[in-house]
Amino acid sequence: MADKKSLGLLALAGVEPYVEKKNEEYMSDEQYIHFGKILDAWRTQLREEVDRTLSHMQDEAANFPDPVDRASQEEEFALELRTRDRERKLIKKIEKTLGLIKSGDFGFCKTCGIEIGIRRLEARPTADQCIDCKTLSEIKEKQLGG
């Protein structure tokens, strides 16, 4: 069996893709519970990664007499710290999304207000824009950035 890191978020959370019931209202209590489980499992996994990185860096910290070995270790640590920083930012985004679930504002585009969609949210639970607004946002970003 593959390790947890290689599994999708649904498998990580131990849930199946959500099956909407006939005439079910979008973002019902059951859907909020479904996405809460996914986000909690993802946050837990990221926190475990941060803890593993920290203990790995402490275990591997050595004072190499050879400057090349020392430089290699420093580069490896720098990469791990950058990854850890990205994970920390993602944890904050997950916690913000969990707050949206608690307030009942989860699942709707922050730009235009329409439903983001169950499948899109299962693929990217922290999404806060519908696919159309996100696409437009990325096009504008490319035009301004490059």
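In this predicted model, one aromatic cluster is formed by Y32, F35 and F106. The count of aromatic pairs in the model comes to three. One of them joins Y26 and F108, whose ring centres lie 5.2 Å apart and whose planes stand at 85 degrees, and because an angle over 60 degrees counts as edge-to-face, the pair is assigned to that class. Y26 is located in the loop between α1 (9-13) and α2 (29-60), whereas F108 is located in the loop between α3 and α4 (118-123), so that this pair ties together parts of the chain that are 82 residues apart in sequence. With a relative accessibility of 10%, Y26 counts as buried, while F108, at 33% relative accessibility, counts as partly exposed.

Within the cluster, the rings of F35 and F106 have their centres 5.3 Å apart and their planes at 55 degrees, and the pair is therefore described as tilted. F35 belongs to helix α2 and F106 to the loop between α3 and α4, so this pair ties together parts that are 71 residues apart in sequence. F35 has a relative accessibility of 0% and counts as buried; F106, with a relative accessible area of 2%, is buried as well, because buried means a value under 20%.

A further buried position is I94, which has a relative accessible area of 0% and which is found in helix α3 (residues 67-103). When its neighbours within four places in sequence are left aside, I94 is in contact with L39, W42, R43, L46 and T126. For one of these partners, L39, the separation along the sequence is 55 residues, whereas the distance in space from I94, taken from C-alpha to C-alpha, is 6.4 Å.

The residues described above belong to a protein chain with five helices and zero strands, and the pattern read along the sequence is α-α-α-α-α. Of the 146 residues in the chain, 33% are buried. Among contacts between residues at least 6 apart in sequence, 56% join residues that are at least 24 apart. The accessible surface of the chain comes to about 10100 Å², and carbon and sulfur atoms account for 52% of that surface.

Technical notes. Residues are numbered from 1 along each chain as its sequence is written. This is a predicted model: local features need pLDDT of at least 70, side-chain atom pairs count only at pLDDT 80 or more; totals for chains, interfaces and linings use all residues. Side-chain values use heavy atoms; hydrogens and water are left out. Helices (H or I, at least four residues) and strands (E, at least two) are DSSP runs, numbered from the N terminus. Buried means under 20% relative accessible area, exposed over 50%, partly exposed in between (1.4 Å probe, protein chains only). Contact means heavy atoms within 4.5 Å. Accessible areas come from the Shrake-Rupley method with a 1.4 Å probe; for residues, only the protein chains shown count as cover. Rings of Phe, Tyr and Trp (its six-membered ring) pair if their centres lie within 6.5 Å; planes under 30 degrees apart count as stacked, over 60 as edge-to-face and the rest as tilted.
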